[in-house]
Amino acid sequence: MKHSLMISAAVVALSANGALADAHMPFAQGEGAFNWDSYAAFAASAPSLAGQSLTVSGPWLSPEADRFDILLNYFEAATGVDASYTGSDSFEQQIVIDVEAGSAPNIAVFPQPGLAAVLAGNGQLSPLGADMAAWVGENYAAGSSWVDLGTYANASGQDEFYGFFFNVNLKSLVWFVPENFEDAGYEIPTTMEELIALSDQIVADGGTPWCIGLGSGPATGWPATDWVEDIMLRTQTPDVYDAWTTNEMPFNDPRVVNAIEVFGSFARNNAYVAGGAGAVATTDFRDSPAGLFASPPGCYMHRQASFIPAFFPEGTVVGEDADYFYFPSFAGEDLGNPVLGGGTLMAVTDPSDAAAAFMAFLQTPFAHEIMMAQGGFLTPHSGVNLEAYPSAVEAGQGEILLNATTFRFDGSDLMPGGVGAGSFWTGMVDFVGGADAQAVADTIQSSWDALK
């Protein structure tokens with residue numbers, strides 16, 4: 001018997017008693033801004049897998065793990081599979097141990113592509129196939145980007161599609177206080193040219209346009225790498241960005257040096273940054289948004305990822321007291337709407353019928369919407385209903401993803417640790433302190449050469 005009949009019968013019975021919306025399956029069939037038709041279609045076509053199990057492992061802990069368990073409950077109801085998730089704060093070490101020992105989960109949730117690519121090259125991942133790659137290309141905004149990010153060389157050196165991205169975060173955001181913009185009569189810029197003009201206008205009006213802080217303890221410098229990565233995507237084509245992150249194009253290439261210098265036009269401009277250029281490297285990134293909320297404003301804009309509201313003053317209501325806009329592209333470069341960010345990807349480490357069914361389930365808008373509705377989840381799936389997001393803030397970020405023409409992963413995370421979490425960080429600190437951009441790029445390239 002098809003599980004669609006089983007779940008439909010259960011839904012009718014529970015709905016009659018008003019008991020469906022519980023902790024296990026909190027969204028009742030037909031309710032909410034969900035594509036229930038996609039769920040019903042999946043359940044109708046899913047094979048009977050009663051008695052089979054599905055194991056998933058990843059880095060998510062509570063509350064992310066709790067939200068994912070709810071998704072698994074809906075999958076179980078549709079297929080009969082006994083599905084379980086195990087989260088670990090040492091996942092990246094544990095998955096290597098489990099794979100080597102032959103005890104890998106059916107599906108692993110990787111926090112970035114690097115380790116997945118390594119396991120694929122070792123023949124320890126199962127490819128998702130050309131049909132899945134084609135589906136992602138057609139159904140994800142900037143679909144070719146997601147196919148590229150999930151494609152790795154197999155043990156024979158041939159490229160295959162392994163990684164299905166599920167949950168994404170954004171870095172291409174500029175935060176501001178709407179009241180400050182309204183009081184000054186400023187409009188949200190839609191191009192980089194307009195953003196620079198707005199910065200100049202704020203200076204002319206006697207204000208300071210930007211708050212920038214690179215301090216982060218031993219990781220000081222990383223916020224500057226995000227700036228440079230975003231600028232690379234706005235001045236160069238995606239293939240150039242990719243070549244840069246792998247060192248196929250040297251770090252000291254003129255195109256990279258130009259991106260560093262464009263960053264410098266913001267960070268090394270005393271009139272542009274709160275406290276002057278000398279304060280950029282010593283200001284902790286967690287403290288750097290404070291100027292947005294000062295009276296009068298210590299700054300009007302702050303470029304940072306979607307997590308930065310955690311460091312806003314207590315009681316700040318995002319969407320009211322503070323808001324964001326897309327870090328815009330250069331109109332003159334004609335490179336579309338690139339987005340920088342990160343995300344987790346699903347890969348099959350122990351293939352089974354249940355694993356194949358779950359990957360098919362992840363293609364439904366419903367699977368994404370259930371996660372969206374619980375918060376802390378963004379998706380580039382073009383078939384989802386943005387109204388499923390729990391707030392206008394998250395819906396707006398989801399819309400930025402859907403409008404993206406290119407998505408690229410944080411470049412420093414794709415580089416060897418000695419560069420991406422080493423010389424790139426320290427080089428940016430040296431640069432904002434006055435070092436020449438070319439000299440900084442030369443030093444970073446030398447560190448990469450030494451690793452080879």
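**Exercise 1.** Which residue of β3 does S57 stand opposite?

*Solution.* The model is predicted: local features need pLDDT of at least 70, side-chain atom pairs count only at pLDDT 80 or more, and totals for chains, interfaces and linings use all residues. Residues are numbered from 1 along each chain as its sequence is written, and side-chain values use heavy atoms, with hydrogens and water left out.

Step 1. Helices (H or I, at least four residues) and strands (E, at least two) are DSSP runs, numbered from the N terminus. Two strands pair if DSSP finds at least two bridges between them.
Step 2. β1 pairs with strand β3 (residues 107–110) in the parallel sense, over 2 bridges.
Step 3. S57 stands opposite A108 in β3.

**Exercise 2.** Describe how β1 is joined to β2.

*Solution.*
Step 1. Strand β1 (residues 53–58) and strand β2 (residues 82–87) are parallel partners over 6 bridges.
Step 2. D82 in β2 is the bridge partner of S53.
Step 3. Together with helix α3 (residues 64–79), β1 and β2 make a right-handed β-α-β unit. Right-handed means that, with the strands pointing away from the viewer, the path from the first strand over the helix to the second runs clockwise.

**Exercise 3.** Determine the strand order of the open sheet that contains β7, and identify its edges.

*Solution.*
Step 1. The order of the 3 strands is β8-β7-β9, with antiparallel pairing.
Step 2. β8 (302–303) and β9 (323–326) each have a single partner strand, so one side of each is left without a neighbour in the sheet.
Step 3. β7 (residues 173–176) pairs with β8 over 2 bridges, and W175 has H302 in β8 as its bridge partner.

**Exercise 4.** Locate the buried residues of helix α5.

*Solution.*
Step 1. Buried means under 20% relative accessible area (1.4 Å probe, protein chains only).
Step 2. In α5 (residues 113–121), the buried residues are P113, L115, A116, L119 and A120.
Step 3. These residues lie on the same side of α5, because their arc around the axis is only 165 degrees; the arc is that of the directions from the helix axis to the C-beta atoms.
Step 4. Just after α5, G123 has a positive phi of about 75 degrees.

Definitions and conventions. Buried means under 20% relative accessible area, exposed over 50%, partly exposed in between (1.4 Å probe, protein chains only).
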